[in-house]
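Thank you for making time for this; I would like to walk through one model with you, going from the inside outwards and then to the contacts between side chains. Please have the structure open while I talk.

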Amino acid sequence: MAPNPMNMKQSANSTSSIAAASSQEILVRETLRISANLASTPLLEAAPSLRMICCEEIDGRRWKYVAETDACGQFKKNSFRPLSLQTPQPQAPLDELLSFVRSYVVPEGFPDSVTPSYVPYMTWRALKHFFGGAMGVFTTQTLLSSVGVSRNRATPGAVAINWILKDGAGRVGKMLFARQGKKFDYDLKQLRFAGDLLMELGAGVELATAAVPHLFLPLACAANVVKNVAAVTSTSTRTPIYKAFAKGENIGDVTAKGECVGNIADLLGTGLSILIAKRNPSLVTTFSLLSCGYILSSYREVKSVVLHTLNCARFSVAVESFLKTGRVPTLQEGNMNENIFSFPWKDRPVVLGSRIKEAFQDPSAYVAIEPLFDRERYIVTYNPSKHKVYAVLKDQAKSDDILKAAFHAHVLLSFIKSSNESKASSLKQSEDLNSNVMHTVADIEACIADTCKIVANSYGFFKNKAKEQGWTMSELLLNPGRARLYPLDNR
């Protein structure tokens, strides 16, 4: 039977349709495979003309630097560019604000660029400036009212003259107090706190002009002198304190950010006090509250400073702890236990580098004690009439000799206190550490002889322990007197 032409035609069409469908399926499959390979292939593999050069990291973010090459392997011009390895995340508005504020109030690299005591110090410093700025509004308002600006009690010329005289008196006081400059190095905490107390005293005197406006000029001049003396103290002690916080050579950054924090807090306090002043509050009540906040903040600010040097107050704490426990306190312990109220002008129980007439009551005491220190370059004694321990330095005394004399003097003071307490006959006497029980030269000589043995065995150990704790010892910070003992043959 002959084949049907129609059937053959339909069979051919069916075969062509199947082949076309198969080709489309293969095309789709290849397209999907190529797309998957392109999606999983890294950028550098998909673009073989890119060559990785180096890697970079900034604040935890990383980049790879790549460059395009031509067919000959040469770098194309202007093809060197970075590729970020992290997907950039949109920063929240709050994070942007915090980052902006942080750039103004904390040093670069914070917290690794400063010591741990930086944060509490700046916190209390900000509070102090906040209260100080708030108080400045009320004192300025009072001064303007007293000088006659608000009540038109004086001509503008007289007002200007009074104001200029007030400022001039303050500058004179600032110059006169500058001669105390050396004390700002070894008693800077005590002087810093004393300066803040003077600042409060000056503010109180300025407020007093409201009660007696006819005494404006003398009161305003006195207040400005006191406040300028406080300003000298604050300025002179600022750099050593900031230096204690800085790690490395970033003291300028630490100082700038610290001053910025103080100015911001001052502006906030000023703004708040302006709002409060519109309600006409009681000056006495307002001043009392602001003064309490200012003094408390100042005290906590100074106490939070951790210095590495041993001045008289910290040296006394270190020696006392060493004698009681056999260990030298850490930097934090020594600074925390330092007496902030031990001002330089107060009498202290230990006098280093004193004159002979202050140390000895009579020649017999000197003749009896002097042989105990033949091998030393100092003489330590106790004057029962003044209740003080004196260290007389010889002309050959060097830095270590002065430090040893100070250590010996504190050891003798501890012995005197213990002896007085043990021999006291009543609770009142035991609480008064200055009560004199040993009156004779023989008793004092025996006590000094015992301390010589202890100092000979323990001074070197004390120095090593202090060095291990990170303390820096310098005789200049102990403020020794200038008197020196010369032998008879040199006179």
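Let me begin with a term: a residue is called buried when its relative accessible area is under 20%, exposed when that value is over 50%, and partly exposed in between. By that cut-off Arg 125 is buried, because its relative accessible area is 2%. I should also say at once that this is a predicted model.

Staying with Arg 125, its side chain meets that of Glu 259 in a salt bridge, at 2.9 Å from N to O. This pair links distant parts of the chain, since Arg 125 sits in helix H4 and Glu 259 in helix H9, which covers residues 251-277, and the two are 134 residues apart. Glu 259, with 23% relative accessibility, counts as partly exposed, whereas Arg 125 is buried.

The structure holds 20 salt bridges, and I will take two others as examples. Asp 401 and Arg 377 meet through their side chains at 3.3 Å, N to O; Asp 401 belongs to helix H15 and Arg 377 to the loop between H14 and E5, so this pair ties together parts that are 24 residues apart in sequence. Asp 401 counts as buried at 15% relative accessibility, while Arg 377, at 35%, is partly exposed.

The other example is the salt bridge between the side chains of Lys 465 and Glu 468, at 3.9 Å, N to O. Why are these two separated by about one helical turn? Lys 465 and Glu 468 are three residues apart in helix H17, and that spacing accounts for the separation of about one turn. Lys 465 is partly exposed, with 28% relative accessibility, and Glu 468 is exposed, with 61%. Salt bridges with shared partners also join Arg 125, Lys 128, Arg 192, Asp 196, Arg 238, Glu 259 and Glu 301 into one network, so the Arg 125 pair that I began with, which links H4 to H9, is part of that network.

Let me turn to the nonpolar interior. The largest nonpolar core has 46 residues, and the members that touch the most others are Phe 315, Leu 352, Val 380, Val 389, Phe 407, Leu 412 and Phe 462. At least two residues of this core come from each of helix H11 (312-325), strand E4 (350-352), helix H14 (363-369), strand E5 (378-383), strand E6 (388-393), helix H15 (399-423) and helix H17 (441-468). Which of these gives the largest share? Helix H15 does, with 10 residues. Apart from this core lies another, of 18 residues, with Tyr 118, Ile 241, Val 261 and Leu 307 among them.

For a closer view of the largest core, consider Val 389, which, leaving out residues up to four places away in sequence, touches Pro 349, Val 350, Val 351, Val 380, Thr 381, Tyr 382, Ala 409, Leu 412 and Leu 413. His 408 is also worth a look: it is placed in helix H15 and is buried, with a relative accessible area of 1%. Beyond its neighbours within four places in sequence, His 408 is in contact with Phe 373, Tyr 378, Val 380, Ile 448, Thr 451, Cys 452 and Val 455.

A further buried residue is Val 114, whose relative accessible area is 2% and whose place is in the loop between helix H3 (93-105) and helix H4 (118-147). Val 114 and Lys 247 are 133 residues apart in sequence, yet 5.3 Å apart in space, C-alpha to C-alpha. Not counting residues up to four places away, Val 114 touches Pro 107, Phe 245, Lys 247 and Val 254.

On the surface, Leu 94, Leu 97, Leu 98, Phe 100, Val 101 and Tyr 104 make a nonpolar patch of about 590 Å². Phe 100, in helix H3, is partly exposed at 49% relative accessibility.

Finally, the aromatic residues, for which the whole structure gives 17 pairs. Tyr 299 and Phe 341 form a stacked pair, 5.9 Å centre to centre with 25 degrees between the planes. Tyr 299 lies in helix H10 (residues 283-303) and Phe 341 in the loop between helix H12 (331-336) and E4, so the pair ties together parts 42 residues apart in sequence. Tyr 299 is partly exposed at 25%, and Phe 341 is partly exposed at 39%. One aromatic cluster is formed by Phe 315, Phe 322, Phe 407, Tyr 459, Phe 461 and Phe 462.

Methods. Residues are numbered from 1 along each chain as its sequence is written. This is a predicted model: local features need pLDDT of at least 70, side-chain atom pairs count only at pLDDT 80 or more; totals for chains, interfaces and linings use all residues. Side-chain values use heavy atoms; hydrogens and water are left out. A nonpolar core is a set of buried Ala, Val, Leu, Ile, Met, Phe, Trp, Tyr and Cys residues joined through side-chain atoms within 4.5 Å. Buried means under 20% relative accessible area, exposed over 50%, partly exposed in between (1.4 Å probe, protein chains only). Helices (H or I, at least four residues) and strands (E, at least two) are DSSP runs, numbered from the N terminus. Contact means heavy atoms within 4.5 Å. Patches are made of residues with over 30% relative accessible area and no salt bridge: like charges are joined within 9 Å, nonpolar side chains (Val, Leu, Ile, Met, Phe, Trp, Tyr) within 5 Å. Accessible areas come from the Shrake-Rupley method with a 1.4 Å probe; for residues, only the protein chains shown count as cover. A salt bridge is a side-chain nitrogen of Lys or Arg within 4 Å of a carboxyl oxygen of Asp or Glu. Rings of Phe, Tyr and Trp (its six-membered ring) pair if their centres lie within 6.5 Å; planes under 30 degrees apart count as stacked, over 60 as edge-to-face and the rest as tilted.
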